[in-house]
Amino acid sequence: MPDSAPSLTPEETHLIRTSFDAVLRRPVEAAAQFYEALFSEAPGVRGLFHGDMRTQGQKLIATLSLLVSRLDDLPSLEPALAELGRRHRNYRVDRDHYSLVRRALLRMLSVNSGPEWSPAAECAWGRIYDHVAATMMAAADGQLVPSTSASAPV
Ligand code: HEM
């Protein structure tokens, strides 16, 4: 079963929001850095992506923005994250890929956040990422039943 949504302390929420603000000041560059970090560590992953990477980067940042805006209500995102996870199975994404993306995401955040970055910020982001990844992977594995009610797209 997937883990339940982490309950973040006010300090963790603050750390995530302030570090992500820095990404939102230069989203195009931040997204490009994320994919550079990912593809330099795992060149084989590049072949999974078929669309325009700038557009892909915009979608990634938009999803992270939604996540950061809902830190106080993460369970409301579960249906949309489950759908996202099921789509990722179709993109041929497997469990090992999620660890690679975790590292690339934390690296991109650390580079962009400057003085806002700290071990505590890294830990808070890690908790959120692990929850999102667990929800997506569980859905991809068929452990989460598709919702019949409408849910906000992620
Ligand atoms: C927190 C985890 C992740 C988030 C939030 C995320 C977000 C997204 C979003 C928003 C899209 C746009 C398409 C859609 O909505 O279905 C997408 C597509 C995609 N993602 Fe992810 N993703 C995550 C993890 C991963 C991982 C681990 C991989 C593996 C390398 C990956 C590879 C891809 C690929 C290959 C596409 C399709 C690109 C194309 O159209 O060519 N993603 N992702």
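This is a short talk about the helices, the ligand shell, the nonpolar core and a few single residues of one structure, and I should say at once that the model is a predicted one.

Let me begin with the ligand. There are 20 residues around the ligand, and those that come nearest are L48, H50, Y91, H97 and V101. If we ask which elements give two or more residues to that shell, they are helix 3, which runs over residues 53–69, together with helix 4, helix 5 and helix 6, the last of these covering 119–140. The largest share comes from helix 3, which supplies four residues. As for the chemical character of the shell around the ligand, by class there are twelve nonpolar residues, six polar ones and two charged ones.

Since helix 3 has come up, I would like to turn to how helix 3 sits against helix 2. The axes of helix 2, residues 27–41, and helix 3 come within 9 Å and cross at roughly 105°. An angle from 65 to 115 degrees counts as roughly perpendicular, and therefore helix 2 and helix 3 are roughly perpendicular to each other. On the helix 2 side the residues that meet helix 3 are P27, V28, A30, A31, A32, F34 and Y35, while helix 3 brings M53, G57, Q58, L60 and I61. By class, this contact of helix 2 with helix 3 holds ten nonpolar residues and two polar ones, with no charged residues.

Two further residues of helix 3 deserve a word. T55 is found in helix 3, and T55 counts as exposed because it has 10 C-beta neighbours inside 10 Å, where exposed stands for 12 or fewer. The C-alpha atoms of T55 and V28 are separated by 9.5 Å, although the two are 27 residues apart along the chain. S69 also has its place in helix 3, and with 12 C-beta neighbours inside 10 Å, S69 counts as exposed. Between the C-alpha atoms of S69 and R17 the separation is 8.3 Å, with these positions 52 residues apart along the chain.

Now to the loops, where I have picked out V45 and R92. V45 lies in the loop between helix 2 and helix 3, and V45 is partly exposed, because 17 other C-beta atoms lie within 10 Å. Not counting residues up to four places away in sequence, V45 touches L38, F39, H97 and L100; H97, you may recall, is among the residues that come nearest to the ligand. R92, for its part, is found in the loop between helix 4, residues 78–90, and helix 5, residues 95–113. R92 counts as exposed, because it has 9 C-beta neighbours inside 10 Å. The backbone of R92 is also worth a look when you turn the model, as its phi is near 70°, a positive value in a residue other than glycine. From C-alpha to C-alpha, V45 and R92 are 10 Å apart in space, and they are 47 residues apart in sequence.

Finally, what about the interior? The largest nonpolar core has 26 residues, and those that touch the most other members are I16, F34, A124, W125 and M136. Two or more residues each are given to this core by helix 1, which spans 10–25, and by helix 2, helix 4, helix 5 and helix 6. Helix 6 gives the most, with ten residues. To take W125 as one case, and leaving out residues up to four places away in sequence, W125 touches I16, L106 and L109.

A121 is another residue found in helix 6. Is A121 buried or exposed? A121 counts as buried, because it has 22 C-beta neighbours inside 10 Å, and the cut-off for buried is 20 or more. Leaving aside its neighbours within four places in sequence, A121 is in contact with L15, S19, S113 and E116. A42, by contrast, lies 25 Å from A121 in space, C-alpha to C-alpha, and the two are 79 residues apart in sequence.

Technical notes: Residues are numbered from 1 along each chain as its sequence is written. This is a predicted model: local features need pLDDT of at least 70, side-chain atom pairs count only at pLDDT 80 or more; totals for chains, interfaces and linings use all residues. A residue is near a molecule or strand if its C-beta atom, placed from the backbone, lies within 6 Å of it. Ala, Val, Leu, Ile, Met, Phe, Trp, Tyr, Cys and Pro count as nonpolar, Asp, Glu, Lys and Arg as charged, and the others, Gly among them, as polar. Axes are lines fitted to C-alpha atoms, for helices over the stretch in contact, and angles run from 0 to 180 degrees between N-to-C directions. Angles under 35 degrees count as roughly parallel, over 145 as roughly antiparallel, 65 to 115 as roughly perpendicular and the rest as oblique. Two residues are in contact if their C-beta atoms, placed from the backbone, lie within 7 Å. A nonpolar core is a set of buried Ala, Val, Leu, Ile, Met, Phe, Trp, Tyr and Cys residues joined through C-beta atoms within 7 Å.
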